[in-house]
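Biologist: Please show me the model, and then take me through the labels one at a time, setting each value against its definition.

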Amino acid sequence: MWRRTAIVMALSLLFAEPVCAQTAKDIETLIKASTLVDTARTLSATVAPPEVRISTYTSTRASEKDCKITALLIIKEISQTYKNITRARISFFDEYNARRYRTVTVTNQHAALVDSGKPFAEVLATIPIADGVIPEKNYFRSVRPGAYYKQRIELLAAVKQLMENGVQADDCLSSFARLEEACSRQRPNRRYCAVLYSSIVLSINRHKAQLSRKQKKDKTDATVQITAIGESVRKTYGDEIYNKVRSRLGSGTPPSARNIDGLIKEIEGEIRSGE
């Protein structure tokens, strides 16, 4: 793999002198041309010399060692072409759960150590890697351009609504991350996207059915509890206060015992004052 990378860099140096001015697009094009990452996957770069930040996807099966090696090859490629870039932070997002990622921080000095003959394993041991998770509240604020754009907007809204109702919809989020990645490719596999879309819809409908059953059960439990409270009030305070308590409680969530006591005292005060 080092030989392939060396050939690519040799050709780039043969036909063009290294330059110092570059854009994020230049970096993205360079990395994709090197075939160090899957060119069909989304890749983005942010440049702030001497550092470049790169986000891309990787296989769930990729090890920490795999991520470090890829990062090492990428910084070698970039720093040889752009002399003012000496450091890279590369975030490898999980292809099946885009909230999770691993970030490797690597410099051109790491590449130089390998070239100088330092044992490869020792160099890799000095390269830091950290796991990260995007909080749900910051996750999928918008939908990427691409195939089925309108449908994905509606799908994301449905998932967020479930989450706002307290549903743990991690399965939907993970599948949606895969759908986003698939639909934003230059040549998306529309059949795969359609199958994935349908599976998310089924998951959403399943969650909605479970939520509906839970809400009905909660309402039934609340009614039973309010009825029990009402009967206790009837026995203790008589029908007049009982009827007033029942009318004010309605059929919502049962109040606490402290609130019931306060309500009864309020009603007793109204009765005493003739209201």
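Modeller: Let us begin with burial: a residue is called buried under 20% relative accessible area, exposed over 50% and partly exposed in between, using a 1.4 Å probe and protein chains only. This is a predicted model, in which local features need pLDDT of at least 70 and side-chain atom pairs count only at pLDDT 80 or more, while totals for chains, interfaces and linings use all residues. Residues are numbered from 1 along each chain as its sequence is written, and side-chain values use heavy atoms, with hydrogens and water left out.

Biologist: Why does F93 count as buried?

Modeller: The relative accessibility of F93 is 15%, and buried means under 20%, so F93 is rightly called buried. Y57, at 10%, is buried by the same rule.

Biologist: What makes Y101 partly exposed?

Modeller: Y101 has 24% relative accessibility, and because this value falls between 20% and 50%, Y101 is partly exposed. P145, which is found in the loop between β5 and α6 (149-164), has 66%, which is over 50%, and therefore counts as exposed. P145 also lies 8.9 Å from E180, C-alpha to C-alpha, although the two are 35 residues apart in sequence.

Biologist: How many aromatic pairs does a search of the whole structure find?

Modeller: The search finds 2 aromatic pairs. Rings of Phe, Tyr and Trp (its six-membered ring) pair if their centres lie within 6.5 Å, and planes under 30 degrees apart count as stacked, over 60 as edge-to-face and the rest as tilted. Y57 and F93 have ring centres 6.2 Å apart and planes at 45°, so they form a pair, and that pair is tilted. This pair links distant parts of the chain, with Y57 in strand β2 (residues 51-58) and F93 in strand β3 (residues 87-94), 36 residues apart.

Biologist: Why is the pair of F93 and Y101 called tilted?

Modeller: The F93 and Y101 rings are 5.1 Å centre to centre, with 40° between the planes, and because that angle is neither under 30 degrees nor over 60, the pair is tilted. Ring pairs thus link Y57, F93 and Y101 into a cluster.

Biologist: How do you know that the charged end of R190 sits over the ring of Y148?

Modeller: The rule asks that NZ of Lys or CZ of Arg be within 6 Å of the ring centre and within 35 degrees of the ring normal. The charged end of R190 is 5.6 Å from the centre of the Y148 ring and is listed as sitting over that ring.

Biologist: Which strands make up the open sheet, and in what order?

Modeller: The open sheet has 5 strands in the order β1-β2-β3-β4-β5, with mixed pairing. Strands (E, at least two residues) and helices (H or I, at least four) are DSSP runs, numbered from the N terminus, and two strands pair if DSSP finds at least two bridges between them. β1 and β2 run antiparallel and are joined by 6 bridges, so they meet that rule. β2 and β3 pair in the parallel sense over 8 bridges, with S55 opposite S91 and E51 opposite R87. β3 and strand β4 (residues 100-107) run antiparallel over 7 bridges, and A88 stands opposite V106.

Biologist: Why do β1 and β5 stand at the edges?

Modeller: β1 (43-48) and β5 (129-133) each have a single partner strand, so one side of each is left without a neighbour in the sheet.

Biologist: What makes the span of helix α3 close to the expected value?

Modeller: The expected span is 1.5 Å times one less than the number of residues. Helix α3 (residues 64-81) has 18 residues and reaches 26 Å from its first C-alpha to its last, close to the 26 Å expected. Of those 18 residues, 14 are buried, and T81, which lies in α3, is buried because its relative accessible area is 16%.
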